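Colleague: I would like to learn how to read a model of protein and DNA. Could you take me through some features, one at a time?

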Protein chains: 2
Amino acid sequence: MSSEVPKTETSTAPVPPTLSAVGKRAGVSSITVSRVLRVPDLVAPETRARVEEAMRELGYVPNLVAGALASSRTNSVGVLVPTIANSIFADTVQGLSDKLEPLGFSVILAQSRYDAAREDRMLAALLSRRPEAIIMVGSPATEEGNRLLRHARIPIVETWDLPAAPIDAVAGFDNYKAGVAVAKHLIAQGRKQLAFIGGDDPRATRRWLGFWDEIVASGLPEPRRLILDRNASGSVAAHARLPDVDAVFAANDAHAIGFMAGLRKAGLLCDGPASQQPVAVIGLGDLEMGRLFSPALSTISVHGDAIGRTAATLTLERGGERKVDLGFELVLRDSG
Amino acid sequence: MSSEVPKTETSTAPVPPTLSAVGKRAGVSSITVSRVLRVPDLVAPETRARVEEAMRELGYVPNLVAGALASSRTNSVGVLVPTIANSIFADTVQGLSDKLEPLGFSVILAQSRYDAAREDRMLAALLSRRPEAIIMVGSPATEEGNRLLRHARIPIVETWDLPAAPIDAVAGFDNYKAGVAVAKHLIAQGRKQLAFIGGDDPRATRRWLGFWDEIVASGLPEPRRLILDRNASGSVAAHARLPDVDAVFAANDAHAIGFMAGLRKAGLLCDGPASQQPVAVIGLGDLEMGRLFSPALSTISVHGDAIGRTAATLTLERGGERKVDLGFELVLRDSG
DNA sequence: TGTGTTAATGTTAGCGCTAACATTGCGTAT
DNA sequence: ATACGCAATGTTAGCGCTAACATTAACACA
C-alpha cells in the first residue's frame with residue numbers, strides 16, 4: 001500500500017483534485033465549491049452549474065476526512081457487536097444502517113468477539129475516529145470501557161438489553177422477563193425437568209436467571225444449565241448430557257435448532273404439536289429457519305431490526321425518552 | 001446532536017485534550033507525544049513514561065481524523081455488501097474484519113440492498129472517506145460505479161465471483177461452474193425435470209447459466225427458472241409452481257430450506273438418503289442450518305469467511321497474484 | 001442622494017495532527 | 001581540541017476543508 005506513483009510522468013499529475021482545483025477550473029474560490037456541495041442555495045444557478053461541470057470534468061470526490069476535521073462533524077457512527085457472522089445482530093446492523101445511510105452517516109463496524117479486552121480495544125479504536133455516536137450490543141464489560149464511553153460526550157446506545165444504569169440511551173428488551181415467560185409457559189404445559197442451553201454472555205445469563213427464578217419459585221426442581229460454545233452444531237450432542245429433561249430453553253434459535261436435530265437423531269422429536277413432543281424446545285430470536293424447521297420452532301421473538309432502527313433514532317435525537325423497551329413475544333409453534 | 005455545552009462553566013473546559021495538551025502537561029512538545037503513540041522507540045523511556053502518564057491523567061483519545069488528514073493514511077477500508085442481515089455475506093465481513101482489525105484498520109460498512117443506484121451512492125460515500133481499499137461483493141452494477149472505483153487509485157477487491165475483467169483484485173469462485181457441477185450431479189443421479197430457484201442478482205444468474213448450459217448440452221429439456229424474492233419463506237410455496245419437477249438447484253441454502261419445507265408439507269420429502277427423495281434439492285452456501293435440517297441439505301459449500309480473509313490480504317499486499325479462486329465443493333448429504 | 005438590505009462571493013484562520021527537516025547535547029574517534 | 005555520529009527532541013509548514021467574518025454590487029426606499 002506504498003505510494004510509488006512516478007510523479008514525473010506527465011504534466012497532469014495523478015493527484016486527486018481538491019476543492020481549490022475545482023474552484024480554479026470554474027473560476028471561483030474554493031469556498032464557493034464547498035457551498036455548492038453543502039448549501040447549494042447560496043450559490044447563483046449559473047455559478048453552480050459551472051462548478052458542477054468542473055467537478056464532473058475533474059472527477060472530484062469530496063474529502064470527508066478534511067471536512068470532518070474542519071467542521072468537527074464526521075457523519076459517522078461506531079457500531080460494536082460481539083459478532084456479525086450468522087448472528088442475530090446482523091439484523092440490528094442492517095436496521096440501523098438502513099436508517100443512518102440515507103442521512104449521510106457511515107457505519108464503522110467493529111466486533112468484540114465476546115472478548116472484554118478486544119471490546120475495549122475496539123471501543124478505543126472507534127472513539128479515535130470521532131464518531132458522532134456509538135451503538136453497541138449490550139454494555140461495556142469492563143470499567144475501562146465504561147469510562148471511555150462516559151467521557152466521549154457523544155450519544156451512546158446500549159442495545160439488546162435493559163441495563164439498570166445505562167450510560168446514555170437504551171434500545172432493547174428485558175432478557176430476564178424473557179426467561180420468566182418461557183419458564184411460565186413450560187410449567188403451565190406441565191413440564192417438570194427443565195434445562196437451559198446456550199452461551200454465557202451477559203444477556204444469555206440474564207435469561208437464565210429469569211428462567212431459574214421462575215422455576216424455583218414454582219416449586220419445581222432447579223433447572224440445569226448447559227453452557228455451549230457459539231455454534232449450533234455443538235448443541236446437537238447436548239441432549240446426551242441432559243437425560244430426563246423434558247423441556248429446554250435455548251439461549252437462541254440456532255442452539256434450539258441444533259438441539260432439536262439431536263433430539264431427532266435420538267427419536268425424541270415428532271412432527272405433531274407441542275403437546276406431543278417428548279421434549280419441549282423454545283428458542284429465542286425467531287430466525288426464519290425456525291419457522292421452516294419441522295416441528296416449527298416455538299421461540300421468543302425479538303425484533304432485531306427494530307432494535308437497530310430505534311438505536312439509530314436515539315443517536316439522532318437527543319432529548320425525549322432515552323430508554324426504549326422493544327419487548328418480545330412468545331411465539332408458540334410446534335416445538336414446545 | 002448540536003453542541004450546546006456551556007463553555008463558561010468551570011476552568012477545566014470539557015474540551016477533549018489534544019496532543020499539545022498532553023505535551024504541555026508532560027513538559028514536551030506535541031510531536032514527542034505523537035511519537036510515543038506511533039514510534040515509541042524514538043522516545044527516551046523516562047520521557048515516554050511521563051507522556052503516557054499525562055495521557056492517562058487527561059484521558060487522551062487520539063484523533064485519527066486529524067492524523068489521517070496529516071498523513072493521508074486513514075487506516076480504514078470500505079466494505080460494500082448487498083445486505084448483511086441473515087446473509088452469507090456476514091461471514092465474509094467477519095473474516096475480513098478479523099484480519100483487518102488487529103492491524104489497526106477500521107471497517108466502514110455499506111449496503112447496496114441489491115440496488116444499483118444505491119450502490120453508486122454508497123460507493124461515492126465510501127470513497128469520500130478516503131479508505132485505503134474497497135472490498136465489495138460482486139462488481140459495480142453501473143458504468144459510473146466502475147469509473148469511480150477505477151479512478152480511486154486504491155486496491156479494489158471484488159468478491160464472490162470471478163469477473164472476466166476485474167478492476168483490480170478478486171477473491172471468489174466460479175459461479176458458472178457451480179451451476180455446471182450441480183447440473184452434472186443431478187443428471188448423473190438420473191433426474192430429468194430440473195429447475196432453478198432463487199434471486200436474479202448477477203451471481204445467481206451466473207449459476208443459472210452454468211446450470212442451464214449443462215442440462216441442455218446433456219439433451220435434457222430446458223430447466224425452469226423461478227425468480228423469488230429474497231426471503232426464504234417465499235420459496236415454501238415455490239413447489240406448487242414447479243409441478244413435475246424432480247430436482248431443484250436453489251441459489252442459496254435459505255431458499256433451499258424454504259423449498260424443502262414446502263416439499264414436506266406436500267409430502268414429497270423423506271428422511272432417507274438422496275436416492276429416495278422424490279425431489280432432489282441442492283443449495284449453495286453451506287449454512288449450518290442445512291446440516292441440521294432433515295434430510296440434511298446437499299449444497300455447494302463456499303467459504304465465505306475465507307473469501308473475506310483473502311480479500312483482506314489482497315488489500316494489504318500489492319503485487320503478487322491478484323485473482324484468487326477460492327473454489328467450492330459439492331457437499332452431498334441427504335437432500336439430493 | 002445617501003442609507004440600508006440583500007444576494008453572491010471571497011478572505012482568513014485554524015481544525016489536530018504528521019512529514020520533513022532542524023537543533024541540541026553528548027560520547028567517541030582522531 | 002576538533003570533528004563526527006547518533007540519540008532525543010523541537011520547529012515549521014501544511015494536509016483539504018469549513019466557520020466566521022469580510023467585501024462587493026445591485027437595488028429599494030425615503
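**Contacts with the DNA strand**

Modeller: Start with a single contact: a phosphate oxygen of DNA strand C has a polar side-chain atom of S34(B) at 2.2 Å. Keep in mind that this is a predicted model.

Colleague: Which residues are the closest to DNA strand C, and how many surround it?

Modeller: There are 22 residues around DNA strand C, and the closest are T32(A), T47(A), L19(B), S34(B) and Y60(B). Of the strand's atoms that come within 4 Å of the protein, 67% belong to sugar and phosphate.

Colleague: What touches a base nitrogen of DNA strand C?

Modeller: An N or O atom in the side chain of R35(A) is 2.7 Å from a base nitrogen of DNA strand C. In chain B, a polar backbone atom of A66(B) is 3.3 Å from a base nitrogen of the strand. One contact uses a side chain, and the other uses the backbone.

Colleague: Which helices supply the surface near DNA strand C?

Modeller: In chain A, α2 (30-38) and α4 (64-71) each supply at least two residues, and so do α2 (30-38) and α4 (64-71) of chain B. The most comes from α4(B), with 4 residues. Sorted by class, the surface near DNA strand C has 12 nonpolar, 8 polar and 2 charged residues.

**Packed helices**

Colleague: What describes a pair of packed helices?

Modeller: Two values are used: the angle between the axes and the distance between them. In chain B, helix α6 (residues 116-127) and helix α7 (residues 143-151) have axes 9 Å apart and pack at an angle of about 15°. Angles under 35 degrees count as roughly parallel, and α6(B) and α7(B) are therefore roughly parallel to each other. Their crossing is left-handed.

Colleague: Which residues meet between α6(B) and α7(B)?

Modeller: From α6(B) come D120(B), L123(B), A124(B) and L127(B), and from α7(B) come E144(B), G145(B), L148(B) and L149(B). This contact of α6(B) with α7(B) divides into 5 nonpolar, 1 polar and 2 charged residues.

Colleague: How do the axes of α5 and α13 of chain A cross?

Modeller: Helix α5 (residues 89-100) of chain A and helix α13 (residues 304-316) of chain A cross at roughly 40°, and their axes come within 6 Å. The two helices are therefore oblique to each other. The crossing of α5(A) past α13(A) is right-handed. On the α5(A) side the contact includes D91(A), T92(A) and L96(A), and on the α13(A) side it includes I307(A), R309(A) and L316(A). By class, the contact of α5(A) with α13(A) has 5 nonpolar, 6 polar and 4 charged residues.

**Backbone exceptions**

Colleague: What should I know about phi and peptide bonds?

Modeller: Most peptide bonds are trans, and most residues other than glycine have a negative phi. Now look for exceptions.

Colleague: Where is a peptide bond cis?

Modeller: The bond from S294(A) to P295(A) is cis, with omega near 0°. P295(A) sits in the loop between α12 (288-292) and β10 (298-301) of chain A. In chain B, the bond from S294(B) to P295(B) is cis, with omega near 0°. The loop that holds P295(B) runs between α11 (288-292) and β10 (298-301) of chain B.

Colleague: Which residue has a positive phi although it is not a glycine?

Modeller: D244(A) does, with a phi of about 75°. D244(A) is found in the loop between α10 (232-236) and β8 (247-250) of chain A.

Terms used:
Residues numbered from 1 in each chain as written. Chains lettered and ligands numbered in written order. Predicted model: local features only at pLDDT ≥ 70, side-chain atom pairs only at ≥ 80, totals over all residues. Heavy atoms only, no water. Axes fitted to C-alpha atoms, helices over the stretch in contact; angles between N-to-C directions. Parallel < 35°, antiparallel > 145°, perpendicular 65-115°, else oblique. Left-handed = near helix turned anticlockwise from the far one by under 90°. Contact = heavy atoms within 4.5 Å. Nonpolar A, V, L, I, M, F, W, Y, C, P; charged D, E, K, R; others polar. Near = heavy atom within 4 Å. Polar contact = N/O pair within 3.5 Å; in protein donor to acceptor, adjacent residues only side chain to side chain.
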